[in-house]
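Thank you for sending this model for comment. My notes are set out as numbered points, and they are best read with the coordinates open.

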Amino acid sequence: MAGSLAASAFFSGPGSSPAASARSSKNAAATGELPENLSVRGIVAKPNPPPAAMQVKAQAQTLPKVNGTKVNLKTVKPDMEETVPHSAPKTFYNQLPDWSMLLAAITTIFLAAEKQWTLLDWKPKKPDMLVDTFGFGRIIQDGMVFRQNFMIRSYEIGADRTASIETLMNHLQETALNHVRTAGLLGDGFGATPEMSKRNLIWVVSKIQLLVEQYPAWGDMVQVDTWVAAAGKNGMRRDWHVRDYNSGRTILRATSVWVMMHKKTRRLSKMPDEVRAEIGPYFNDRSAITEEQSEKLAKTGNKVGDDATEQFIRKGLTPRWGDLDVNQHVNNVKYIGWILESAPISVLEKHELASMNLDYRKECGRDSVLQSLTTVSGECTSIGADKQASAIQCDHLLQLESGADIVKAHTEWRPKRSHAAAENA
């Protein structure tokens, strides 16, 4: 190596004379080779290695030439060879991988925090987006109210392009069950608490009252609030308030009374103290429907079967397997569909349901055969100076063909309004 040879010239031993070195150089020039103990410049190199403190780390270069002839250097002995590991000099560029790993860790932490914040406080970018992303609902107002949002699907609307009453009733039922589940009180029954499940008790509805102010259309979002309260000694009241999410306008108000039934004997039961201790902390005395409204709904018109009124009947109604709930009886929402089966088509085409009062008398099994009876009475209501519209009242009876009453109901109907007119009302 040229650098090594040059360096050895400066560390030649004291016993070497310039004359001897010159003579050796002349001989080497004649033969084209250098003696083993000579450097490139003809100075005798010290046979022993220099002190460690004075060693010079050299890098490989091209072979030197003497008088145009390449010099063939003898390989240094292994025991004399110094190993010089190659390492690139530390620069900012070479340290970038360390910085990139730190940057990646910071980015990961930031994205995880942003995701958690998004889930906790997500706001829609468009007004028609569903706020409740996953549809699970949440408990609000210090644990006393449960809220859940629903979007009206295309398969939930009827011929007039608005949601059916069965759709809204299904939303009420869904929020009631999700309220129990979110509160951690869901046992193995249909809304039954753990203490109820231990005693084979289930909830059955005995009464529902509802007022409908407007019907949502396809793509609308509805916001459903629900809460519970005591109803006498052995019952529970559940109320709902349904609003349009965007405008906040009331869509529906409803209240219901539930009692307990033994799952095996199918007999009504008192509320155990253990069950009352479970649900008591969630009781809220607020009412969705006032007493005056409730009393008005309870007043029925003409009795079913009265000769002075027009009567309609639909026979041969049988439950399908899909109409049964997990308690093996017909879902209460299905009763509403059967009640409206006997309503005349002229009422359904020109009117919309404004209120309903349902009184459940007996449960219906999967082998039951039912008939639906409806009596209709009408009264004239002034709308304008020259226009008249008919507000319809109906009394309904759903019974087994053997004669036992299943549900009695009273409904009031108003002339249909367009969705835009309902929003502007």
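The points below concern a predicted model, and they take up a pocket and then a single methionine.

1. The second largest pocket has a volume of about 670 Å³. Its lining is made up of 41 residues, and those closest to its centre are Trp 203, Val 204, Val 205, Trp 258 and Val 259.

2. As to where this pocket sits, domain 1 (126-289) and domain 2 (290-381 + 389-418) both give residues to the lining, so the second largest pocket lies between them.

3. At least two lining residues come from each of helix 4 (165-182), strand 5 (201-212), strand 7 (235-244), strand 8 (250-262) and helix 8 (332-341). Helix 4 gives the most to the lining of the second largest pocket, supplying 7 residues.

4. Sorted by class, the lining of the second largest pocket comprises 25 nonpolar, 9 polar and 7 charged residues, a breakdown that may be worth keeping in view alongside the residue list.

5. Is Met 261 buried or exposed? Met 261, which has its place in strand 8, counts as buried because its relative accessible area of 9% falls under the 20% cut-off.

6. Once neighbours within four places in sequence are left aside, Met 261 is in contact with Asn 200, Leu 201, Ile 202 and Val 204, with Arg 266, Arg 267, Leu 268 and Ser 269, and with Glu 363. For a further distance, Met 261 and Met 271 are separated by 10 residues in sequence and by 9.5 Å in space, taken C-alpha to C-alpha.

Notes
Residues are numbered from 1 along each chain as its sequence is written. This is a predicted model: local features need pLDDT of at least 70, side-chain atom pairs count only at pLDDT 80 or more; totals for chains, interfaces and linings use all residues. Side-chain values use heavy atoms; hydrogens and water are left out. On a 1 Å grid over the protein atoms alone, a cavity is a set of points where a 1.4 Å probe fits but cannot get out, and a pocket is an open set with protein on both sides within 12 Å along at least five of seven lines; lining residues have an atom within 4 Å of a point. Grid points are joined across faces, edges and corners, and a volume is the space filled by probe spheres set on the points. Helices (H or I, at least four residues) and strands (E, at least two) are DSSP runs, numbered from the N terminus. Ala, Val, Leu, Ile, Met, Phe, Trp, Tyr, Cys and Pro count as nonpolar, Asp, Glu, Lys and Arg as charged, and the others, Gly among them, as polar. Domain bounds come from an automatic or database domain assignment. Buried means under 20% relative accessible area, exposed over 50%, partly exposed in between (1.4 Å probe, protein chains only). Contact means heavy atoms within 4.5 Å.
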